[in-house]
Amino acid sequence: MYLPDLLLLTKPNCHLCADAREVVASVAGELGLEWREESILEDPELKARYAEEIPVVLIDGIPRDFWRIDEGRLRRLLRDADKK
């Protein structure tokens, strides 16, 4: 069974990141998926690329949503990823 790689990029003291964390945890839990979180401050490349778009959700390395993570959209993207 295919399991998408779900990554949430965040930074400390970010209220949108806290909201995104809740959405990702909820949707991933509902679909039985594991996910991980990384701070862009730990990686200069990520910081340079995503500094103005945090939080960012990546599915299989592809940015799929940023700032306000939409629960319905994330659920749909993850279900579609499962069909690949």
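**Exercise 1. Place phenylalanine 66 in the fold and list what surrounds it.**

Phenylalanine 66 lies in strand S4, where strands (E, at least two residues) and helices (H or I, at least four) are DSSP runs numbered from the N terminus. The model is a predicted one, in which local features need pLDDT of at least 70, side-chain atom pairs count only at pLDDT 80 or more, and totals for chains, interfaces and linings use all residues. Residues are numbered from 1 along each chain as its sequence is written, and side-chain values use heavy atoms, with hydrogens and water left out.

Step one is the accessibility: phenylalanine 66 counts as partly exposed because its relative accessibility is 34%, given that buried means under 20% relative accessible area, exposed over 50%, and partly exposed in between (1.4 Å probe, protein chains only). Step two is the list of contacts, a contact being heavy atoms within 4.5 Å: when residues up to four places away in sequence are not counted, phenylalanine 66 touches Glu53, Pro55 and Val56. Step three is a distance, for phenylalanine 66 and tyrosine 50 are 16 residues apart in sequence and 9.4 Å apart in space, C-alpha to C-alpha.

**Exercise 2. Describe aspartate 65 and proline 55, and say how the two are related.**

Start with aspartate 65, which is found in strand S4, residues 62-66. Aspartate 65 counts as buried because its relative accessibility is 14%. Its side chain has a polar atom 3.2 Å from the backbone nitrogen of aspartate 70. Beyond four places in sequence, aspartate 65 touches Pro55, Val56, Val57, Asp70 and Arg73, so that proline 55 appears in its contact list.

Turn next to proline 55, which lies in the loop between helix H2 (44-50) and strand S3 (56-59). The peptide bond that leads into proline 55 from isoleucine 54 is cis, with omega near -5°.

**Exercise 3. Compare the backbone of asparagine 13 with that of aspartate 60, and state whether each residue is buried, partly exposed or exposed.**

Take phi as the starting point: for asparagine 13 the angle is near 55°, a positive value in a residue other than glycine, and for aspartate 60 phi is likewise near 55°. Then locate each residue, asparagine 13 being in the loop between strand S1 (6-10) and helix H1 (15-31), and aspartate 60 in the loop between S3 and S4. Last comes accessibility: asparagine 13 is exposed because its relative accessible area is 84%, whereas aspartate 60 is partly exposed, with a relative accessible area of 34%.

**Exercise 4. Trace the contacts of lysine 11, alanine 20 and arginine 75.**

Lysine 11 has its place in the loop between S1 and H1, and at 33% relative accessibility this residue counts as partly exposed. Leaving aside neighbours within four places in sequence, lysine 11 is in contact with Cys17, Ser39, Ile40, Leu41, Ala51 and Ile54. Lysine 11 is also 26 residues from glutamate 37 in sequence, and the C-alpha atoms of the two are 9.7 Å apart in space.

Alanine 20 follows, in helix H1, where it counts as buried at 2% relative accessibility. With neighbours within four places again left aside, alanine 20 is in contact with Leu8, Pro55 and Ile69.

Arginine 75 is in helix H3, residues 71-81, and counts as buried at 17% relative accessibility. Outside the residues up to four places away in sequence, arginine 75 touches Val27, Glu30 and Leu31.

**Exercise 5. Summarise the chain as a whole.**

First, count the elements: the secondary structure comes to three helices and four strands, which run β-α-β-α-β-β-α from the N terminus on. Second, consider the dimensions: a compact globule of 84 residues would have a radius of gyration near 12 Å, and the chain agrees, with 12 Å; this radius is taken over C-alpha atoms, and the globule rule is 2.2 Å times the number of residues to the power 0.38. Along the principal axes, the C-alpha atoms fill a box of roughly 35 × 20 × 15 Å. Third, turn to burial and contacts, where 38% of the 84 residues count as buried, and residues 24 or more positions apart account for 62% of the contacts with a separation of 6 or more.

How values were computed: Polar contact = N/O pair within 3.5 Å; in protein donor to acceptor, adjacent residues only side chain to side chain.
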